[in-house]
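The following paragraphs lead the reader through one protein chain, from its overall make-up to individual residues. Please keep the sequence and the model in view while reading.

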Amino acid sequence: MGRVSQAQAEENRRRVVETASRLFRERGTQVSVADVMAAAGLTHGAFYKQFASKEALVDEVTAHAFAELARRHGAEREGGEGRRAAQQSLIDDYLSVEHRDAPADGCPVAGLATDIARDGGGREARRVYTEGVAEFADFLAGPDQDGIARLCTLFGALVLSRATKGFPLSEEILAAAHAALAETD
C-alpha cells in the first residue's frame, strides 16, 4: 500500500477532527477511537499516524468546536445595536427545538461539559473549554447584563430541554428561558 501524501494526511486529520467533534458533542468522549475512525471512513490504524492518543484528539476536538462556535458568531461580534441583534439571534437559535434536537451540530458548551468535568480530555481540553466558555459569556454580556448568568440560562435550558425531549416540559423550558432572557434586554 502506498504512502499518503501530506495533503491527503492533512485532509484525513481534518475529517477525523470534524467527525469526532460531532460524535463527542452527540454521544460524549467515551466514543471509541474505532467508532470515530469508522465514521470518518478511515482505518483504526490510521488514527495513530495522526494523533499521539485519544486525549490528544479530545484536546484538538475541543479547540475545533470552540473555533467553529467563534466563526459561526464571529461576524456578529460587533458593538452597539449590531451586537444586541447578534446576541438576540444567537439566543433565538440556541433556545430552538432545532438546536435541542441536533446536539452533534450544537454548542460545545453543552455538548462537552459533562465529559470535560469528568476530565474527559485532560488539562489542555479543560483549558480550551474554559477559555471558550469565557469568550462566549463575554459575547453575551451587555451594559446591564451578566454574560455568565445569560450563558448559564442558555446552557441549563438546553440541557434540561434535551433531557425532557418528547414531553411538553421540554418546549416549556425553552420558552421560559427565552422569556427570561428577553426580560434582561
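The chain contains 10 helices and 0 strands. Read from the N terminus, its elements follow the order α-α-α-α-α-α-α-α-α-α. The model is a predicted one, and the values below are computed from its atoms. The C-alpha trace extends over about 60 × 40 × 25 Å along its principal axes.

How much of the chain is buried? Of its 185 residues, 41% fall into that class. The surface that the chain exposes amounts to about 9,800 Å², and carbon and sulfur atoms supply 55% of this area. As to charge, there are 22 positive and 29 negative side chains, and the centres of the two sets are 7 Å apart. The contacts can be sorted by separation along the sequence: among those between residues at least 6 apart, 67% join residues at least 24 apart.

Helix H7 offers a useful entry into the interior. This helix covers residues 108–117, and it is largely enclosed by the rest of the structure because 8 of its 10 residues are buried. Which residues of H7 are buried? They are Pro-108, Val-109, Ala-110, Gly-111, Leu-112, Ala-113, Asp-115 and Ile-116. After H7 comes Asp-119, whose phi is positive, near 65 degrees.

On the side that precedes H7 in sequence, Ala-102 occupies the loop between helix H6 (97–100) and H7. Ala-102 has a relative accessible area of 27% and is therefore partly exposed. Its C-alpha atom is separated by 17 Å from that of Ala-39, and the two residues are 63 residues apart along the chain.

H7 also takes part in a pocket. The second largest pocket holds about 220 Å³ of space. It is lined by 17 residues, of which Arg-25, Glu-26, Ala-110, Gly-111 and Thr-114 are the closest to its centre. Helix H1 (6–27), H7 and helix H9 (147–163) are the elements that give two or more residues to this lining. H7 supplies the largest share of the lining, with 6 residues. Ala-110 and Gly-111 thus appear in two lists: both are buried residues of H7, and both are among the residues closest to the centre of the second largest pocket.

One contact of H7 leads to another helix. Leu-69 belongs to helix H4, which comprises residues 54–74. Is Leu-69 buried or exposed? Its relative accessibility is 6%, so Leu-69 counts as buried; the cut-off for that class is under 20%. Once its neighbours within four places in sequence are set aside, Leu-69 is in contact with Pro-108 and Phe-136. Pro-108 is itself one of the buried residues of H7. From Leu-69 to Ser-5 the distance is 30 Å, C-alpha to C-alpha, with their positions 64 residues apart in sequence.

The path ends in helix H10, which spans residues 168–183 and includes Ile-173. Ile-173 counts as buried because its relative accessibility is 17%. Which residues does Ile-173 contact, leaving aside its neighbours within four places in sequence? These are Ala-157, Leu-160, Ser-161 and Thr-164. Ile-173 and Val-159 are 14 residues apart in sequence, and their C-alpha atoms are 9.8 Å apart in space.

Ala-182 also lies in helix H10. With a relative accessible area of 41%, Ala-182 is partly exposed, whereas Ile-173 counts as buried. Ala-182 and Gln-6 are 176 residues apart in sequence, and 50 Å separates them in space, C-alpha to C-alpha.

Note on methods. Residues numbered from 1 in each chain as written. Predicted model: local features only at pLDDT ≥ 70, side-chain atom pairs only at ≥ 80, totals over all residues. Heavy atoms only, no water. Helix = DSSP H or I, 4+ residues; strand = E, 2+ residues; numbered from the N terminus. Buried < 20%, exposed > 50% of the residue type's maximum accessible area, 1.4 Å probe, protein only. Contact = heavy atoms within 4.5 Å. Areas by Shrake-Rupley, 256 points an atom, 1.4 Å probe, with all protein chains shown as cover. Lys, Arg positive; Asp, Glu negative; His and termini not counted. Charge placed at Lys NZ, Arg CZ, Asp CG, Glu CD. 1 Å grid on protein atoms, 1.4 Å probe; cavity = no way out; pocket = protein on both sides within 12 Å on 5 of 7 lines; lining within 4 Å. Points joined across faces, edges and corners; volume = space filled by probe spheres on them.
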